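Take a look at the chain shown here. Keep it in view as you read.

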Amino acid sequence: LKVPTGHAIIVGSTSSGGVGPKEMDSLKVQGRVVGKFMARVALIDVVATGAFPLLLSVTLGVEKEPTGREILEGIRTEAMILGLEPNQVLMENTEDNFMTKQTGAGLTVIGFANEDELRLGKTRPGDMIVAIGKPKVGQEVIAAEVRGEIANLRQVSLLTQKKFVHDIVAVGSFGIAYEAKMMAYAVGRQVKFREEPNSIDLQKTAGPATVILVTIDQEKLKDLQELIKTPITTIGEIT
């Protein structure tokens with residue numbers, strides 16, 4: 001959202017349902033795990049544009065104690081990676097009127113940036129599209145993080161500081177191929193995909209932003225590999 005002062009407001013959001021510690025949750029994980037990955041998704045959406053997060057609004061369909069508190073712990077931990085002070089940027093709301101048997105949560109992040117510094121539509125013809133991380137979903141995510149196979153917020157923050165990185169996009173439920181096409185369409189171009197690598201599925205959901213796509217000059221691939229230790233896969237080229 002552009003504002004008359006030459007600045008822009010950037011909004012990122014995510015939701016989660018049926019994942020958590022409650023009896024009817026389909027995927028049983030600790031509340032802090034739910035919070036961590038929700039925060040990672042929404043913060044990456046904002047940070048990837050070059051904006052700085054100012055507010056995290058958490059809407060939880062669970063009671064404050066203990067589930068809500070645990071989810072908020074995960075959100076706070078992830079926010080602190082960016083140097084944010086949770087007590088200053090976090091708004092929260094919980095469901096304390098009714099007993100809940102399944103975990104539901106939403107998170108919205110609002111960021112602010114100078115419009116001329118936004119990292120949007122910077123992709124150029126001839127750029128290489130590279131995937132950082134492997135697409136994981138559900139129970140796969142926890143083990144993959146331990147093995148260092150998925151992208152994270154710290155990496156995105158680092159990438160935004162590198163001039164050789166043009167656009168940065170988080171991959172979620174629609175998969176790598178879809179997001180790669182959207183990156184190209186945003187600048188009026190198309191993607192020429194390489195033959196699908198055996199090591200990565202371009203159609204699979206990447207769950208909670210387990211993959212980050214970046215566009216770079218082709219000769220900068222080595223620089224990216226030296227910067228990021230998570231698995232990197234060349235997806236295609238902008239034509």
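This report walks through strands, helices and charged pairs in a predicted model.

## Strands at the start of the chain

Strand S1 (residues 2-3) and strand S2 run antiparallel, joined by two bridges. Val3 has His7 in S2 as its bridge partner. Three residues lie between S1 and S2 in this hairpin. In the turn, Gly6 has a positive phi of about 90 degrees.

S2 (residues 7-17) also pairs with strand S7 (residues 104-114). That pairing is antiparallel and has 11 bridges. Within it, Ser13 stands opposite Thr108 of S7.

In a regular strand, side chains alternate between the two faces of the sheet. S2 shows alternation. Ala8, Ile10, Gly12, Thr14 and Ser16 point to one face and are buried. His7, Ile9, Val11, Ser13, Ser15 and Gly17 point to the other face and are not buried.

## A buried lysine

Lys22 sits in the loop between strand S3 (19-20) and strand S4 (27-28). Is Lys22 buried or exposed? Its relative accessibility is 11%, so Lys22 counts as buried; the cut-off for buried is under 20%.

The side chain of Lys22 makes a polar contact of 2.9 Å with the side chain of Glu63. Lys22 also touches other residues farther than four places away in sequence, including Lys28, Val62, Thr67 and Thr100.

## Two helices

Helix H1 (residues 31-47) has 17 residues. From its first C-alpha to its last, H1 reaches 24 Å, close to the 24 Å expected. In H1, 14 of the 17 residues are buried, so the helix is largely enclosed by the rest of the structure.

Helix H6 covers residues 176-185. Its residues Ile176, Ala177, Glu179, Ala180, Met183 and Ala184 are buried. They cover an arc of only 165 degrees around the axis, so they lie on the same side of H6. Among the elements covering these buried residues are strand S8 (128-132), strand S9 (165-171) and strand S12 (232-238).

## Charged pairs

Side chains of opposite charge can pair when their charged atoms come close. The structure holds 15 salt bridges. One of them joins Lys36 and Glu145, with the closest N and O atoms 2.8 Å apart. Lys36 is in helix H1 and Glu145 is in helix H4 (residues 140-146), 109 residues apart.

Glu145 also forms a salt bridge with Arg40, at 2.8 Å from N to O. This pair again links helix H4 to helix H1, across 105 residues. Glu145 is partly exposed at 27%, while Arg40 counts as buried at 5%. Elsewhere, Arg32, Glu65, Arg69 and Glu73 are linked in a network of salt bridges.

How values were computed
Residues numbered from 1 in each chain as written. Predicted model: local features only at pLDDT ≥ 70, side-chain atom pairs only at ≥ 80, totals over all residues. Heavy atoms only, no water. Helix = DSSP H or I, 4+ residues; strand = E, 2+ residues; numbered from the N terminus. Buried < 20%, exposed > 50% of the residue type's maximum accessible area, 1.4 Å probe, protein only. Polar contact = N/O pair within 3.5 Å; in protein donor to acceptor, adjacent residues only side chain to side chain. Contact = heavy atoms within 4.5 Å. Arc of directions from axis to C-beta. Expected span 1.5 Å × (residues − 1). Pairing = 2+ DSSP bridges. Salt bridge = Lys/Arg side-chain N within 4 Å of Asp/Glu carboxyl O.
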